[in-house]
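Biologist: I have a model open and some labels to check. Can you take me through the reasoning behind each one?

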Amino acid sequence: RKINRGAMEGGVRLRDKRNKNQTPSTRGGDVKDQRAVNSSRSTGSSINMTPRSARTAIFSIGSCAIGFLLLRMITAPGREHWEEKSTYCNDKTASVNIESWVPEGGRKIPPGTWGTKLITPALLEELREKGEIPLLPSGVPKIIHQTWPSRNVSGVAPHYRKWSASWGSCHPDWLHVLWDDCDIRTLFAKHRPSFLPIFDAYPNPVQRADIFRCLVSNEYGGAYVDMDYECTGGIDGPTGLNPPPGSSCKVFIVNSPDPEHDGVLQNAFMASVPHQPYWENVFELAIERKSTWTGRIWGEIPIQNTGPGLVSDAYTKLPEEAQKAICGLNSTEFSGQAEGKAPYAVHRNAGSWCACRYPLINFPCWNKCKQKKKKYVPSMYRDLTRYKRSLDRGDKLSESDAAMWKAHGHRWQEYFDEYGAFDESA
């Protein structure tokens, strides 16, 4: 009781002390009301802050979730995508007959020859185990390697069919192998499993196709050619894959028609004797230039980390003596990329790989890539059309463009008559 009474007396003294500090309107009986007001203000202030904090938190969590989902979409390994297309993997019988791919009036493929069909990698492996793969005197196996996303080729455009069939017409006794996505990943799993994490992390399909051609050249040898490469006269001559006796050439890569853009070599057409040290150098450099998470978000330039820049730099880094085993094929004879003509093989440069630097924010670039795949025209025609339209508008060409127009402008009408008008933005 004494303790309670003391507490009560202390409470009265404290209350009286507080009353002295109050304004007349809040003294005496108004103290309880003032306390209630102060309490409500404090509570009200807390209530007013909570919605703002909640909105900020929700916004932050939502932004992080969206960013995480976008990052997952961009950086997700390609294994699941590639395994979906495994129907034909390891199937020796799923060859594709391409005799009907030869256009009317085109050079026919001799019936009953290897050139009439695109065989599977499984059949190629069986022939290799039996020792039945023919070789050129240079040691290069008579194999043409090409790749397409799947063995369902119903969606292959007519111009790609024509160009692919041309290799069977030029070299009917060569094996013509079509590698699909599943075949390619199986090749890495078997022969270079340590590289699979890097392989799966590439954000662009063309990067996987780029690095595949290096591995297949090392493991099987033969010639790899892009689907937009056309055989016009054959590649097994003395200036091609069959140099004179005594030559040190073991790897053949076409010289780049645009060294400032690609490097000294272009990987659209490569051939090799199997198991050459050069390819190990290529893969060592590819590991150094592996895909990064920032690159997967903002976009990477495949030319440098898997494309022609990679094979060019791997060559230039070699000692001078080792470079003698890598021979560049004359681009005017084995590319003809700009003018659309060459005596032995022509790179039509359809640009189906088309990758953009900033895929998240550069939709016009992606749309341009999509349109570019619809119709083929030589790159020279594209350039001349751009120059012509600039001149028609009264614009002044740069010194290099003016020189190109002066040297080749007379051919614009020839190209127009052959290929017709096209949307220059595509």
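**Checking the labels**

Modeller: Start with Cys 327. Its relative accessible area is 15%. Buried means under 20%, so Cys 327 is buried. Keep in mind that this is a predicted model.

Biologist: What makes Cys 249 and Cys 327 a disulfide?

Modeller: Their sulfur atoms lie 1.8 Å apart. The cut-off is within 2.5 Å, so the pair qualifies.

Biologist: Why is the disulfide of Cys 249 and Cys 327 called left-handed?

Modeller: The torsion about its S-S bond is about -85 degrees, so it is left-handed.

Biologist: Which parts of the chain does this pair link?

Modeller: Distant ones. Cys 249 sits in the loop between strand 6 and strand 7, and Cys 327 in strand 9. They are 78 residues apart.

Biologist: How do you know whether Cys 249 is buried or exposed?

Modeller: Its relative accessibility is 12%. Buried is under 20%, so Cys 249 counts as buried.

Biologist: How many disulfides does the structure hold?

Modeller: Two. The other candidate to test is Cys 170 with Cys 231, S to S 2.3 Å. That is within 2.5 Å, so a disulfide joins them.

Biologist: What is the handedness of the disulfide of Cys 170 and Cys 231?

Modeller: The S-S torsion is about -115 degrees, so this disulfide is left-handed. It also links distant parts of the chain: Cys 170 is in helix 5, Cys 231 in strand 6, 61 residues apart.

Biologist: Are Cys 170 and Cys 231 buried or exposed?

Modeller: Cys 170 has 13% relative accessibility, so it counts as buried. Cys 231 has 6%, so it is buried too. Cys 214 is another buried cysteine, at 1%.

Biologist: On to the core. Which residues have the most contacts inside the largest nonpolar core?

Modeller: Leu 124, Trp 179, Phe 188, Phe 195, Ile 211 and Tyr 278. The core has 39 residues. Helix 10 gives the largest share, six residues.

Biologist: What does Leu 124 touch?

Modeller: Among its contacts are Ile 133, Leu 175, Trp 179 and Tyr 220, leaving aside residues up to four places away in sequence. Another core, of 23 residues, lies apart from the largest one. It includes Val 140, Cys 170, Ala 223 and Leu 329.

Biologist: How does the span of helix 10 compare with the expected value?

Modeller: It has twelve residues and reaches 17 Å from first C-alpha to last. The expected value is 16 Å, so the two are close.

Biologist: Why do you say that the buried residues of helix 10 line one face?

Modeller: The buried residues are Tyr 278, Trp 279, Val 282, Phe 283, Leu 285 and Ala 286. Seen down the axis, they fall within an arc of 160 degrees, so they line one face. Pro 277, Glu 284 and Glu 288 are exposed on the other side.

Biologist: What do the buried residues of helix 10 pack against?

Modeller: Their partners include helix 6, helix 8, strand 7 and helix 13.

Biologist: Last one. Which residues of helix 19 are buried?

Modeller: Trp 412, Tyr 415 and Tyr 419. They fall within an arc of 65 degrees, so they line one face of helix 19. The face turned away carries Asp 417 and Glu 418, both exposed. Gly 420 follows the helix, with a positive phi near 75 degrees.

Definitions and conventions
Residues are numbered from 1 along each chain as its sequence is written. This is a predicted model: local features need pLDDT of at least 70, side-chain atom pairs count only at pLDDT 80 or more; totals for chains, interfaces and linings use all residues. Side-chain values use heavy atoms; hydrogens and water are left out. Buried means under 20% relative accessible area, exposed over 50%, partly exposed in between (1.4 Å probe, protein chains only). Helices (H or I, at least four residues) and strands (E, at least two) are DSSP runs, numbered from the N terminus. The arc is that of the directions from the helix axis to the C-beta atoms. A nonpolar core is a set of buried Ala, Val, Leu, Ile, Met, Phe, Trp, Tyr and Cys residues joined through side-chain atoms within 4.5 Å. Contact means heavy atoms within 4.5 Å. The expected span of a helix is 1.5 Å times one less than its number of residues.
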